[in-house]
Amino acid sequence: MNEVSISDILNSNKIVDKKVSISGWVRTFRANRFIALNDGSCLSNLQCVIDYENTDDKVLKAISTGAAINVNGTLVSSQGSKQNVELRVDKCKILGESDPELYPIQPKKHSFEFLRENAHLRSRTNTFSSIMRIRSNLSFAIHEFFKNNGFYYVHTPIITASDAEGAGEQFRVSTLDIKNPPIDENGRVDYKKDFFGKETNLTVSGQLEAEAYAMSMGKVYTFGPTFRAENSNTSRHLSEFWMIEPEVAFMDIQGNMKLAEDFLKYILSYIVDNNIDDLKFLENRLINEEKQKPQNERSELSLIKKLKFVIDNDFKIITYSEAFEILKNCKPNKKKKFRFLINEWGADFQSEHERFLVEKEFKCPVIIYNYPAKIKSFYMRLNEDEKTVRAMDILFPGIGEIVGGSQREERLDILLKKIKEVGIDEKELWWYTDLRKFGTAVHSGFGLGFERLVMFATGISNIRDVIPFPRTPQNAEF
């Protein structure tokens, strides 16, 4: 008998009287008769009705929450109101027992903190299985969008000697003996004797390498793990996270903004079309949470409405200077309701400012471009005013910035000057500056932190709960 998934059963029209074999994990077992079985293929459990009078006592005793079982039987119309079909079990086999006294994921509400301590089992809950199915489909949609639009997937290195962001908060990669490292004549660690012959780190971005391939293949993207050794324990920081970074030759900032808008609408539409049950479940969970908050702290948009808010609205495009004037003269700023007041041009906008623009001022997603050069990275193209760069950020409701990108600086002399200003040794980026010597051209790209996207798509407020095994300061448990 061929095994089928619960998802296939529930999505099939002709299932009654069909004999099937299903394997999964027991969610609940009540009255020695009704098994709620879940195989991870969808949110729903399948009710399996066992004939306890004709079932071995050893099998009955082993059917407990968390146990893995295989059941063979016939699908019949359900007598209950919560499902259309159930399985009348002919045979039940225990594949893996679970001690009910020790199994931590009991059929009750658990705190997210508790589930993080049991991250190896938390995907057996409805909340986390929904999050991870959405994460999986978002990942698929990303690849599908780029494939459909003529991009090539480039695997950029995880070990690198460059710091694309210039932040310096990187994880060192070394084979040197940490107790007795070789020392040079200046009393410093001699990295020439290390594995790669120089100091190397885990990458914070694949952008610079992606630029190299864009300048030969036209349209490329990276989608892989990146690392930041930032000692931060906030709900928005991870030490290991995934980044999506497309780079396109012969595309300016205007094309970059359109690409990013089309990309975001495509992938969010994909999960609305393909994960609606998971989204509805997470939405109901959020609605119940919102009821516990004071009225003035409750979200104005439900989860699905928030997604459609992005999908259905044209993004508003404004310059940094326009955004600055709006924020400087708005009531929250004048009445000093903002935590960070906007007074001088050149201020770096905070989440509270970004959300005001999206949720109050324009009531649609917002793209801000032409930022002050002093608050942006060295590789962004300097404008003719020599005060701003062709950078752009996309702002979403409830979260603020979700995408950051720019037209890249393609002029060698200006790039070299900016590299020097930020204190980077140009010898370390010789290959990057070479791209400006041999066939340089206008090119652009953007970066999107995948976990931040998953947070937006699921309504989950802590980034540690949208990645299977979070890596944070003092935490590499699993």
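Asn-201 sits in strand β9, which spans residues 200–202. In this predicted model, Asn-201 has a relative accessibility of 10% and is therefore buried, since the cut-off is under 20%. Beyond its neighbours within four places in sequence, Asn-201 touches two stretches of chain residues, listed below.

**Around Asn-201**
- From the lower-numbered side, the contacts of Asn-201 include Ile-158, Ile-159 and Thr-160.
- Gln-170, Phe-171, Arg-172 and Val-173 are also in contact with Asn-201.

**The eight-stranded sheet**
- Eight strands make up an open sheet with mixed pairing. Their order is β6-β10-β11-β16-β15-β14-β13-β12.
- The edges are β6 (152–153) and β12 (316–319), each of which pairs on one side only.
- Strands of a sheet pair through backbone hydrogen bonds, in either the parallel or the antiparallel sense.

**β16 and its two partners**
- Strand β16 covers residues 443–449 and runs antiparallel to strand β11, residues 240–249. Five bridges join β11 and β16.
- Glu-247 has Gly-445 of β16 as its bridge partner.
- β15 also pairs with β16 in the antiparallel sense, again over five bridges.
- Which residue of β16 is the bridge partner of Gly-405? That partner is Phe-446.

**β14, β15 and their hairpin**
- β14 and β15 form a hairpin, with three residues between the strands. In the turn, Gly-398 takes a positive phi of about 80°.
- The two strands run antiparallel and share six bridges.
- Ile-394 stands opposite Val-403 of β15.
- β15 is mostly covered, with six of its eight residues buried.

**A helix across the sheet**
- Helix α14 is formed by residues 450–458. It lies across β10 (219–227), β11, β14 (388–396), β15 (400–407) and β16.
- The angle between α14 and β16 is about 60°.

**Helix α4**
- α4 runs from residue 126 to residue 148, a total of 23 residues.
- From first C-alpha to last, α4 reaches 32 Å. That is close to the 33 Å expected at 1.5 Å a residue.
- Gly-150, just after α4, has a positive phi of about 80°.

**The α4–α6 packing**
- α4 packs against helix α6 (residues 253–274) at an angle of about 135°. Their axes are 9 Å apart.
- Are α4 and α6 parallel or oblique to each other? The helices are oblique, because their angle falls between the 115 and 145 degree limits.
- The crossing of α4 past α6 is right-handed.
- On the α4 side, the contact is made by Ile-134, Asn-137, Leu-138, Phe-140, Ala-141, Ile-142, Glu-144, Phe-145, Phe-146 and Asn-148.
- On the α6 side, the contact residues are Leu-259, Asp-262, Phe-263, Tyr-266, Ile-267, Tyr-270, Ile-271 and Asn-274.

**The β1–β2 loop**
- Ala-31 lies in the loop between β1 (19–30) and β2 (34–38). Asn-32 is found in the loop between β1 and β2 too.
- Ala-31 is not a glycine, yet has a positive phi of about 55°. Asn-32, also not a glycine, has a positive phi of about 55°.
- Ala-31 has 60% relative accessibility, so Ala-31 counts as exposed.
- Asn-32 has 40% relative accessibility, so Asn-32 counts as partly exposed.

Technical notes
Residues numbered from 1 in each chain as written. Predicted model: local features only at pLDDT ≥ 70, side-chain atom pairs only at ≥ 80, totals over all residues. Heavy atoms only, no water. Helix = DSSP H or I, 4+ residues; strand = E, 2+ residues; numbered from the N terminus. Expected span 1.5 Å × (residues − 1). Pairing = 2+ DSSP bridges. Contact = heavy atoms within 4.5 Å. Axes fitted to C-alpha atoms, helices over the stretch in contact; angles between N-to-C directions. Buried < 20%, exposed > 50% of the residue type's maximum accessible area, 1.4 Å probe, protein only. Parallel < 35°, antiparallel > 145°, perpendicular 65-115°, else oblique. Left-handed = near helix turned anticlockwise from the far one by under 90°.
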